[in-house]
Amino acid sequence: MSETATALLSVKGLEAWYGESHILHGVDFDVREGEVLTLLGRNGAGKTTTLKSIMGIVSRRRGSVRLEGNELIARSSDQIARAGIAFCPEERGIFASLNVEENLLLPPQVRPGGLSLDQIYDLFPNLKERLGSSQGTKLSGGEQQMLAIGRILRTGARLLLLDEPTEGLAPVIIKQIGQTIRTLKAQGFTILLVEQNFRFAATVADRYCVMEHGKIVERFANSELDANMGKLHEYLGV
Amino acid sequence: MFEIFGVPSQALFGQLLLGLINGSFYALLSLGLAVIFGMLNIINFAHGAQYMLGAFTAFFLLQYLGWNYWVSLLVVPIIVGIVGIIIERLFLQWLYKLDHLYGLLLTFGLALVIEGVFRNYFGSSGLPYRVPDQLAGGRNLGFMYLPNYRGWVIAFSLVVCLATWFLIERTKLGAYLRAATENPTLVRAFGINVPRMITLTYGFGVGLAGLAGVMAAPIYNVSPQMGSNLIIIVFAVVVIGGMGSIMGAIVTGFALGLIEGLTKVFFPEASNTAIFVIMAIVLIIRPAGLFGRTA
Ligand SMILES: Nc1ncnc2c1ncn2[C@@H]1O[C@H](COP(=O)(O)OP(=O)(O)O)[C@@H](O)[C@H]1O
Ligand SMILES: [Mg+2]
């Protein structure tokens, strides 16, 4: 089976700059329909920049990003979102001037077929209880993360970019997020996940790409994880 | 007639009424400034000129097209708002990434240009604009005489202020605005055309100034410097209330109008400076303003 035939997202030769500093030096990978692909790599490797470049948030970028064959590299980030990609940022991006419900309902529907509010509450029962609570940012870290994931599930986007969703969270919450990702995958979502925690990633990922200095330096499937442990420790510096 | 603190009630309530009228304009204008600053990060120094533009547009519409006050109330904010949109597309959109100072200088320059052009054609004496027939006259409330038009201005500006507050704080569109004020990049990455929203927000804020101009025309004369006289006080109001709070702008606007009115009764010598004294005190105690969020 050729990779491109079933690739939902295809990234080729992606380069990106912040001002004058050249951060991504030709990133190549495909995300296949229905899989969870995990980007690993130590701090500063360029994982977040990769997601932001796909999303059109980094304005100076070059290369090719195709979703279902459509080139997105020259589009603005609102157009990219409307093409069907949803983004959950590393810092979660919960709005302080919006209450919990407004935060949840903020991202507009870009396609039919998103989850209903009830389905989202099924995934995150805590969210429903906290709807009345005033400010989105008054939630706990875990609840904020669930809100940040929950709100992009309504949009109808089938490709989710999740940037370190477990960062700084308690083990029990990490478990819950892992369960959520598996459920979403079972429901047909395709997920590009950025993680530093490969023990967590191992519970959800189908394949891995390892980044270093703005490039993909290693690719392997979940079944090959053990064989690659030595190298991984080196790359991640753990 | 009776007296309060040794002041005849007619005089006291007359000044309070004047204070409320002024407060209505302070509130409308500082509200527009707050909306614009929140979204564009620009201190719109052209706000006074745009208010003046509103009054002149109403004057022209009546003079040349025979469109009355009520039509102007609807049409002028749209016309002035479109002028704002053109200004944003032509000039302001290039300044968002720069320091506040650039937006301030640009809009200050625009204000000078707009006012200069009008002064050139219309001199500095005011042009009269008649109170609409339906609101001519007044009524005796017992403790004071209330001209109908002034009552209308207070009521209508209150309605406009509260409607704007509702739009921003309680609707979906307002949620987009508040979110984009906090984190425009992320809101855009959710699929919302934030640049267009910014343009329309500026148009809306400027349109509010135009609306205030129409409402002011029958009270103050229509004159080229009507905006620059008012805007200095409005900026003091904004400093006191704090940039970026909608309700803060409204409350501070009306309150300072009232305080100014009271000062005229009890300590007339200070009436022109009272607001600036309050501004100085607020700046010392709460530099971000009474309702301001510290950056
Ligand atoms: N806004 C920015 N401006 C300039 N440099 C940045 C910015 N964001 C990230 N960088 C730099 O880009 C590199 C990659 O960062 P990032 O993509 O956030 O890494 P990761 O997510 O893998 O930790 C780092 O060297 C970082 O310092
Ligand atoms: Mg990162």
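**View 1. The lining of the largest pocket, sorted by residue class, in a predicted model.** In the lining of the largest pocket, 23 residues are nonpolar, 16 are polar and ten are charged; the structure shown here and in the views below is a predicted model. The space in this largest pocket comes to about 1,600 Å³, and among the 49 residues that line it, those closest to its centre are Met39(B), Ala180(B), Thr181(B), Pro184(B) and Ile198(B). Several helices of chain B, namely H1 (9-40), H3 (69-90), H5 (148-170), H6 (172-182), H7 (184-189) and H8 (194-216), each contribute at least two residues to the lining of the largest pocket. Of the contributing elements, H1(B) gives the most, with six residues.

**View 2. The second largest pocket and the helices of chain B that line it.** The second largest pocket, with a volume of about 300 Å³, has 16 lining residues, and those nearest its centre are Leu173(B), Leu177(B), Met197(B), Leu200(B) and Thr201(B). Two or more residues of this lining come from each of H5, H6 and H8 of chain B, and H8(B) provides the largest share, five residues. By class, the lining of the second largest pocket consists of eleven nonpolar, three polar and two charged residues.

**View 3. The magnesium ion (ligand 2) and its protein donors in chain A.** Two residues donate to the magnesium ion (ligand 2), Thr48(A) through OG1 and Glu90(A) through OE, at 2.0 to 2.5 Å from the ion. The two donors bring together distant parts of the chain, being 42 residues apart: Thr48(A) belongs to helix H1 (residues 47-55) of chain A, whereas Glu90(A) sits in the loop between strand S6 (85-88) and helix H3 (100-105) of chain A. Thr48(A) counts as buried because its relative accessibility of 19% falls under the 20% cut-off. Glu90(A), by contrast, has a relative accessible area of 22% and is therefore partly exposed.

**View 4. The hairpin formed by strands S9 and S10 of chain A.** Strand S9 (residues 207-212) and strand S10 (residues 215-221) of chain A run antiparallel and are joined by six bridges. Within this pairing, Arg207(A) is found opposite Ala221(A) of S10(A). Two residues lie between the strands of the hairpin, and in the turn His213(A) adopts a positive phi of about 45°.

**View 5. The largest cavity, with lining residues from chains A and B.** Searching the whole structure yields two cavities of 30 Å³ or more, and the largest cavity has a volume of about 60 Å³. Its lining is made up of Ala81(A), Ile85(A), Ala86(A), Pro108(A), Val110(A), Ile152(A), Thr155(A) and Ala157(A), together with Ala189(B) and Phe190(B). Nine residues of the lining of the largest cavity are nonpolar and one is polar, while no charged residue takes part.

**View 6. The second largest cavity and its lining in chain A.** The second largest cavity holds about 30 Å³ of space, and the residues lining it are Leu8(A), Leu67(A), Glu68(A), Gly84(A), Arg111(A), Arg158(A) and Leu159(A). Sorted by class, the lining of the second largest cavity comprises three nonpolar residues, one polar residue and three charged residues.

Note on methods:
Residues are numbered from 1 along each chain as its sequence is written. Chains are lettered from A and ligands numbered from 1 in the order in which they are written. This is a predicted model: local features need pLDDT of at least 70, side-chain atom pairs count only at pLDDT 80 or more; totals for chains, interfaces and linings use all residues. Side-chain values use heavy atoms; hydrogens and water are left out. On a 1 Å grid over the protein atoms alone, a cavity is a set of points where a 1.4 Å probe fits but cannot get out, and a pocket is an open set with protein on both sides within 12 Å along at least five of seven lines; lining residues have an atom within 4 Å of a point. Grid points are joined across faces, edges and corners, and a volume is the space filled by probe spheres set on the points. Helices (H or I, at least four residues) and strands (E, at least two) are DSSP runs, numbered from the N terminus. Ala, Val, Leu, Ile, Met, Phe, Trp, Tyr, Cys and Pro count as nonpolar, Asp, Glu, Lys and Arg as charged, and the others, Gly among them, as polar. Donors are N, O and S atoms within 2.8 Å of the metal (3.2 Å for Na, K and Ca); water is not among the atoms, so sites may look incomplete. Buried means under 20% relative accessible area, exposed over 50%, partly exposed in between (1.4 Å probe, protein chains only). Two strands pair if DSSP finds at least two bridges between them.
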